[in-house]
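Work through the exercises below with the sequence and the structure in view. Each task is followed by a solution in steps.

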Amino acid sequence: MKNNSENKKINQDHQFNVNNANNANNSNNANRVVVTGMSIVSPIAIGVDEYFNALKNATSGITTVSNFDASSFPISVAGEIKNKKLIQKLNEKNIDVSLMNIDRKLVFLLLAFEELLTNNQINNESKIIDMIIGTGIEEFFIEDAKKIVTKEKTIEELKGRSPYIIRAIEDYPTFYLNQKIKLKGVALTNVSNCAASAQAIGIAYQRIKHGLCEQAIVGGVDSMLNPFGLLGFTRLGALSERGRCSPFDSKRDGTVLGEGAGLLLIESYESAIKRGAKIHSEIIAYTSSCDAYNLTHPDPSAQAVSWAIEQTLKKANLYPQDIDYINAHGTATPLNDITETLAIKKALGDHAYKIKISAIKSMIGHLIAAAGVAGVIATILSIKNNMAFPTINIKNVDADCDLDYVANGTQEHKINIALCNSFGFGGFNSILALKKFNMD
Amino acid sequence: MNIDEKIIITGVGIIHHSLGLQLTSDLEKKYIAKKDFKLSPRVTKLGLVAMGMAAEMININFYPPEDRSIFICSPSTTSELEELFPSFSYLNDKLDLKDYYTRGGVKINPLWFIRSLSNLAIALISINYNIEGVSCNWSDNAICGKHALEEGIKSLIRNESKVAIVGAFDSIISLYQQKEKICLENKNSEGAVFLILEKSNSKRPGLKAIYDLFIDNNLNTNNFINEYGNCGVATWLLAQFHNWNTIKNI
């Protein structure tokens with residue numbers, strides 16, 4: 001056991017190290033964080049190039065669920081990754097298809113990781129690399145649950161037993177991947193639901209910026225496309241009964257579930273330059289906030305979201321007029337879209353009317369914990385290509401949603417700096433600011 | 001941040017049998033709002049009670065809502081499996097998804113899904129204590145609490161917040177998950193610990209450090225588990241607290 005003086009020294013050393021990291025990062029390029037790798041597994045594409053083309057062409061990935069029989073469910077459409085294509089891709093990458101029987105999310109993550117490796121080498125021998133993954137709740141296996149109830153008659157009999165209704169707990173994908181590649185840095189699982197992968201990216205960005213690691217594999221994975229998942233969202237009343245995700249439209253009536261995974265390789269500027277990596281974009285600020293309002297409804301005053309946007313601008317030394325584009329959370333629930341619009345207007349003032357805002361959930365559905373990273377990748381592609389992707393399914397814009405949502409068709413638009421919004425259940429908000437990469 | 005400034009622990013709430021503190025109905029009544037009671041599974045109640053205990057040690061309202069931050073370690077799915085049982089009551093042997101929703105699924109309480117979410121506790125706490133600042137919710141292995149504590153410290157050092165709440169809670173007493181493998185080898189346990197961190201130069205009236213804050217990077221959670229049982233994602237923070245508490249009482 002350490003004595004008191006030793007303990008005080010540890011406390012001071014810890015603070016000194018953090019201070020040193022802060023001071024060391026105050027000059028030139030020392031605190032720059034860049035994105036050097038991207039991969040995506042989504043309902044509209046597997047692979048970044050395919051994703052870009054699908055977004056640009058306003059492709060909808062919303063179809064009738066076919067991986068299980070959802071015909072009796074009131075809502076049976078979703079942004080589903082079809083098993084045929086998935087299995088083909090898994091085979092191409094030599095990923096064990098049988099892992100799908102443990103956790104569908106796991107194979108999405110492994111596939112995204114293999115995609116990430118296509119254009120990047122992960123050198124975990126010489127670098128401290130973190131892995132931070134946002135995941136959603138576990139897959140509940142309905143067949144297993146039924147087996148338990150019919151065979152094990154009483155609750156008492158169940159106590160202390162493991163019926164394996166959940167075959168893989170939440171951090172299993174992170175754990176599995178880390179076991180496979182054995183990174184030296186931290187391996188963390190963020191469970192802030194719909195904001196999880198955006199928070200994962202934000203935390204990793206901060207860790208690199210403050211010198212705690214050199215590189216990070218970050219992103220998220222989720223699939224609620226199983227009977228209990230679809231049932232849960234349906235019973236909550238969060239899904240569109242029309243089966244159409246129409247953000248900012250006057251007739252929007254809810255979101256549509258999706259599934260997928262996305263990963264980024266992010267690193268310090270020095271690390272990227274040293275290894276001659278291709279730099280896709282730069283992350284320049286991150287802020288999170290809590291609504292502190294309601295479990296399922298956003299705060300109608302939009303105070304916490306607008307505060308987070310303002311803080312993000314402040315951290316990056318930006319003015320509202322510096323923002324060219326926003327990748328919106330845009331779930332198409334009646335309350336979210338009004339609140340998000342209000343937050344943007346409160347934070348950016350009149351400039352809000354001059355920027356382009358896209359809601360890609362209209363095309364891919366709501367990827368829940370992976371929604372943030374799917375949005376960040378779309379934002380980076382927008383910045384790189386000076387292109388605002390469309391919000392599809394807009395027929396008549398809601399009178400209270402009076403900004404430019406890039407309705408129904410891609411628009412060319414010069415983008416230097418963009419924001420990516422992610423909001424989660426319980427009122428958790430994440431704002432990331434990204435910038436076109438410039439050597440200066 | 002000035003090198004002379006320190007991060008101090010000014011509030012602690014803990015439920016753990018090593019201190020003779022267990023979740024009781026009296027504690028639940030005292031610290032859990034009626035509106036949250038029905039919604040919260042046992043493990044969430046552990047967190048809410050520990051947070052309530054910590055919060056009553058300081059006047060959190062001294063700080064503006066946006067200066068309050070929160071960093072939590074919560075376990076995997078927290079909902080009670082029993083809630084799904086009614087949806088299968090019509091079944092004999094064969095499960096046919098074709099009629100499951102209309103005959104069984106409609107019997108599932110919509111709140112079941114909310115109760116299943118890992119970030120239920122952080123959501124309720126942020127609402128109840130008006131915490132609008134930065135946040136993060138981890139769900140990892142036993143060491144999870146170390147990351148939450150580090151994030152809390154960093155948020156204060158970077159001036160992102162003026163008061164940071166750090167907490168971890170878990171219960172693996174009646175476990176339905178794969179963690180069972182861990183439980184078979186170790187004693188099952190449960191616990192919750194919430195800390196309130198502030199800067200030593202805060203102007204809050206009554207500011208007082210109750211524990212010296214340090215992070216023991218070599219903390220051996222196995223020793224703690226062997227002695228007190230496995231507390232899942234709360235293990236590291238409980239072991240670290242145990243360390244602080246032991247030192248304080250020397």
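The exercises that follow concern a predicted model.

**Exercise 1. Confidence in chain A**

Task: Find which stretches of chain A have a pLDDT under 50 or below 50, and set them against the average of the chain.

Solution. Start with the chain as a whole: chain A averages a pLDDT of 89, and 88% of its residues score at least 70. Next, look at the beginning of the chain, where pLDDT stays under 50 over residues 1-26. The model has 41 contacts beyond four places in sequence for these residues. Then go to residues 152-164 of chain A, where the pLDDT is also below 50. This second stretch has 28 contacts in the model beyond near neighbours in sequence. Finally, keep a caution in mind: where pLDDT is low, predicted coordinates should not be read in detail.

**Exercise 2. The nonpolar cores**

Task: State how many residues the largest nonpolar core has and which residues have the most contacts inside it.

Solution. The largest nonpolar core has 92 residues. Those with the most contacts inside it are A:Tyr51, A:Leu264, A:Ile266, B:Leu149, B:Leu195 and B:Leu197. Helix H14 of chain A, residues 371-385, gives the most to this core, with nine residues. Apart from this core lies another, of 71 residues, which includes A:Leu231, B:Leu84, B:Ile114 and B:Ile131.

Now take B:Leu195 and leave aside its neighbours within four places in sequence. Its contacts include B:Leu149, B:Ile9, B:Val12, B:Ile165, B:Phe241 and B:Trp244.

**Exercise 3. Two buried leucine and isoleucine positions**

Task: For A:Leu230 and B:Ile114, decide whether each is buried or exposed, and list what each touches.

Solution. A:Leu230 sits in helix H9 of chain A, residues 227-236. Its relative accessible area is 1%, so A:Leu230 is buried. Beyond neighbours within four places in sequence, A:Leu230 is in contact with A:Phe68, A:Ala70, A:Phe73, A:Ile75, A:Met224, A:Leu239 and A:Leu257. One of these partners, A:Ala70, is 160 residues away in sequence, with 8.7 Å between the C-alpha atoms.

B:Ile114 sits in helix H5 of chain B, residues 110-115. At 5% relative accessibility, B:Ile114 is buried as well. Not counting residues up to four places away, B:Ile114 touches A:Leu236, A:Leu295, A:Thr296 and A:Phe425 in chain A, and B:Leu39 and B:Leu120 in chain B. B:Ile114 and B:Ser40 are 74 residues apart in sequence, and their C-alpha atoms are 9.3 Å apart.

**Exercise 4. Strand S8 of chain A**

Task: Explain why strand S8 of chain A is described as largely enclosed, and name the strands that pair with S8.

Solution. First, count the buried residues: 10 of the 10 residues in S8 (residues 281-290) are buried, so the strand is largely enclosed by the rest of the structure. Second, find the pairings. Strand S1 (residues 33-41) pairs with S8 in the antiparallel sense over three bridges, and A:Val33 stands opposite A:Ile283. Strand S14 (residues 428-435) also pairs with S8 in the antiparallel sense, over eight bridges. There, A:Ser289 has A:Asn429 as its bridge partner.

**Exercise 5. Strand S3 of chain B**

Task: Determine which way the side chains of S3 in chain B point, and in which sense S2 and S3 run.

Solution. In a regular strand, side chains alternate between the two faces of the sheet. In S3 (residues 135-138), B:Ser135 and B:Asn137 point one way, B:Cys136 and B:Trp138 point the other way, and all are buried. S2 (residues 68-73) and S3 run parallel and are joined by four bridges. In one pairing, B:Cys73 has B:Trp138 as its bridge partner.

**Exercise 6. A buried arginine**

Task: Locate A:Arg32 and identify the polar partners of its side chain.

Solution. A:Arg32 lies in the loop between helix H1 (4-24) and S1 of chain A. A relative accessible area of 9% is under the 20% cut-off, so A:Arg32 is buried. Its side chain makes a polar contact with the side chain of A:Glu282 at 2.8 Å. A polar atom of the A:Arg32 side chain also lies 2.7 Å from the backbone oxygen of A:Asn438.

Note on methods
Residues numbered from 1 in each chain as written. Chains lettered and ligands numbered in written order. Predicted model: local features only at pLDDT ≥ 70, side-chain atom pairs only at ≥ 80, totals over all residues. Heavy atoms only, no water. Core = buried A, V, L, I, M, F, W, Y, C linked by side-chain atoms within 4.5 Å. Buried < 20%, exposed > 50% of the residue type's maximum accessible area, 1.4 Å probe, protein only. Helix = DSSP H or I, 4+ residues; strand = E, 2+ residues; numbered from the N terminus. Contact = heavy atoms within 4.5 Å. pLDDT = per-residue confidence, 0-100. Pairing = 2+ DSSP bridges. Polar contact = N/O pair within 3.5 Å; in protein donor to acceptor, adjacent residues only side chain to side chain.
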